[in-house]
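Student: Please show me the model. I would like to go through its sheets, charged pairs and aromatic rings.

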Amino acid sequence: MLTETVAGRTYDYTHNVGRGSQSGMGFNWPNALTFADDGTIYITNRGSESISNVGWNRTGVGQRISKVTIGDNWGEEEFLGEFSRYGNGDGQMIWPAGIASSNGEVFVSDEWLNRVTVFDKDDKFVRSFDTVQAGDGETNGAAGIAIAADGTIYVSDSRSHQVRMFKNDGTFISSFGSQGVSDGQFDGPWGITVDHDGKVYVADFGNHRVQKFSADGKFELQIGRPGNKRGELTNPTDVAVDSEGDIYVCDWSKNAWDRGRVHIFTAEGQFLTSLVGDAQQLSQWAQMTVDANADYAKRRREVRSTEPEWTFAQPTAVEWDSANNRLMVADTQRSRVQIYKKQSGYLIPQLNL
């Protein structure tokens with residue numbers, strides 16, 4: 001489906017994957033995703049803990065990592081399983097915030113434990129390292145994580161308002177940033193990514209912008225500005241960059257009339273267009289649930305329009321799938337991923353003004 005066309009680019013919505021699930025096949029508030037070299041997609045879930053008749057059952061069924069493959073079309077996805085659970089032991093998580101993959105390993109940042117946990121391709125715990133360093137103070141919250149081609153690991157800290165850099169084994173290198181509104185300062189930095197040139201992009205949540213840095217943390221460019229219009233940002237949570245340099249900003253938004261968008265900018269920071277969500281068809285897994293329950297099917301037939309569920313609901317993460325030239329958006333409150341395919345050089349004069 002041709003969804004958006006601008007400046008020689010089209011973004012075709014293809015399908016969505018997922019459904020709410022406390023266990024088994026599905027997602028539970030997906031909040032970050034990454035791609036392994038073999039095409040496997042890892043998705044962190046941040047769902048609530050379950051409640052039993054004796055109070056809180058701290059099983060943390062939402063705090064897990066899902067593994068899926070996603071095909072080109074509806075129904076071609078495959079749920080491969082899940083791993084990790086709620087807790088502070090080796091290989092466990094309390095508040096997963098970001099996820100990245102490198103050389104067959106998966107790295108997960110934990111905002112509560114202030115650590116990064118590393119798993120191998122078989123989902124086994126390998127090692128972990130603390131993100132807080134001596135002298136950092138008591139207020140910290142490890143958020144986004146990204147890994148450069150040279151192996152440098154970048155972890156944003158939303159509560160100490162900085163980005164920390166580590167070697168692959170967790171050895172601390174340096175940090176940059178402080179709280180403030182000036183260039184190079186942050187207010188609750190969240191999602192982070194590294195482009196093919198080694199440039200670092202940080203979603204500056206509280207300052208309603210994205211900032212671009214050199215590999216060693218020198219400020220280079222601001223993308224976006226505060227506001228509620230198209231191309232303006234209200235609490236950006238994540239950022240991704242494609243192979244052509246286009247920048248995708250996941251905008252959480254706190255307005256009742258705007259449940260979140262993904263804004264697209266050029267490499268120079270010029271606004272191009274926005275995506276608002278286009279899931280006109282249920283995902284395969286959600287459709288299976290409806291088909292298996294006659295009451296579900298009746299209730300869906302009775303609604304006047306399903307249009308309200310097409311759009312994003314506070315999306316939290318964006319990731320660029322280089323192998324397939326497509327964008328994936330973690331549509332968090334709807335427990336699904338919406339997928340857009342990009343085509344370049346698509347010229348229709350009346351649509352490319």
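The questions and answers below take up sheets, salt bridges, burial and ring pairs in turn.

Tutor: This is a predicted model, in which local features need pLDDT of at least 70 and side-chain atom pairs count only at pLDDT 80 or more, while totals for chains, interfaces and linings use all residues. Residues are numbered from 1 along each chain as its sequence is written, and side-chain values use heavy atoms, with hydrogens and water left out.

Student: Which strands stand at the edges of the open sheet β13-β14-β15-β16?

Tutor: Strands are DSSP runs of E with at least two residues, and helices are runs of H or I with at least four, numbered from the N terminus. Two strands pair if DSSP finds at least two bridges between them, and the four strands of this sheet pair in the antiparallel sense in the order β13-β14-β15-β16. A strand with a single partner has one side left without a neighbour in the sheet, so the edges are β13 (142-147) and β16 (172-176).

Student: Which residue in β14 stands opposite A142?

Tutor: β13 and β14 (residues 153-157) run antiparallel and are joined by four bridges. The residue of β14 opposite A142 is D157.

Student: What is the average twist from one strand to the next in the sheet β23-β24-β25-β26?

Tutor: This is an open sheet of four strands with antiparallel pairing, and its edge strands, β23 (236-241) and β26 (271-275), each pair on one side only. Axes are lines fitted to C-alpha atoms, for helices over the stretch in contact, and angles run from 0 to 180 degrees between N-to-C directions. With direction ignored, neighbouring strands of this sheet are turned against each other on average by 20°.

Student: What is the bridge partner of I247 in β25?

Tutor: β24 (residues 247-251) and β25 (residues 261-265) are antiparallel and pair over five bridges. In β25, I247 is partnered by F265.

Student: How many residues apart in sequence are the parts tied together by D72 and R326?

Tutor: A salt bridge is a side-chain nitrogen of Lys or Arg within 4 Å of a carboxyl oxygen of Asp or Glu, and the side chains of D72 and R326 meet in one at 3.9 Å, N to O. D72 lies in the loop between β7 (63-69) and β8 (78-83), and R326 lies in strand β28 (residues 326-331), so the separation in sequence is 254 residues.

Student: Is R164, the partner of D136, buried or exposed?

Tutor: The salt bridge between D136 and R164 has an N to O distance of 3.1 Å. D136 lies in the loop between β12 (125-130) and β13, and R164 in strand β15 (residues 162-166), so the pair ties together parts 28 residues apart in sequence. Buried means under 20% relative accessible area, exposed over 50% and partly exposed in between, with a 1.4 Å probe and protein chains only. D136 is partly exposed at 23%, whereas R164, at 1%, is buried.

Student: How many salt bridges does the structure hold?

Tutor: One pair is K121 and D122, at 3.6 Å, N to O. R9, D242, E244, D246 and K342 are linked in a network of salt bridges. The number for the structure is 21.

Student: What covers the buried residues of helix α1?

Tutor: Helix α1 (residues 284-291) has Q284, W285, A286 and V290 as its buried residues. What covers them includes β2 (9-17), β7, β8 and α2 (294-302).

Student: What is the angle between the ring planes of F79 and W285?

Tutor: Rings of Phe, Tyr and Trp (its six-membered ring) pair if their centres lie within 6.5 Å; planes under 30 degrees apart count as stacked, over 60 as edge-to-face and the rest as tilted. F79 in strand β8 and W285 in helix α1 are 206 residues apart, and W285 is buried at 2% relative accessible area. The pair is edge-to-face, with centres 5.9 Å apart and an angle between the planes of 85°.

Student: Which residues do ring pairs link into a cluster?

Tutor: The centres of the F213 and F219 rings are 6.2 Å apart and their planes stand at 80°, so this pair is edge-to-face. F213 is buried at 1% relative accessible area, whereas F219 is partly exposed at 29%. The cluster linked by ring pairs consists of F176, F186, F213 and F219.

How values were computed. Contact = heavy atoms within 4.5 Å.
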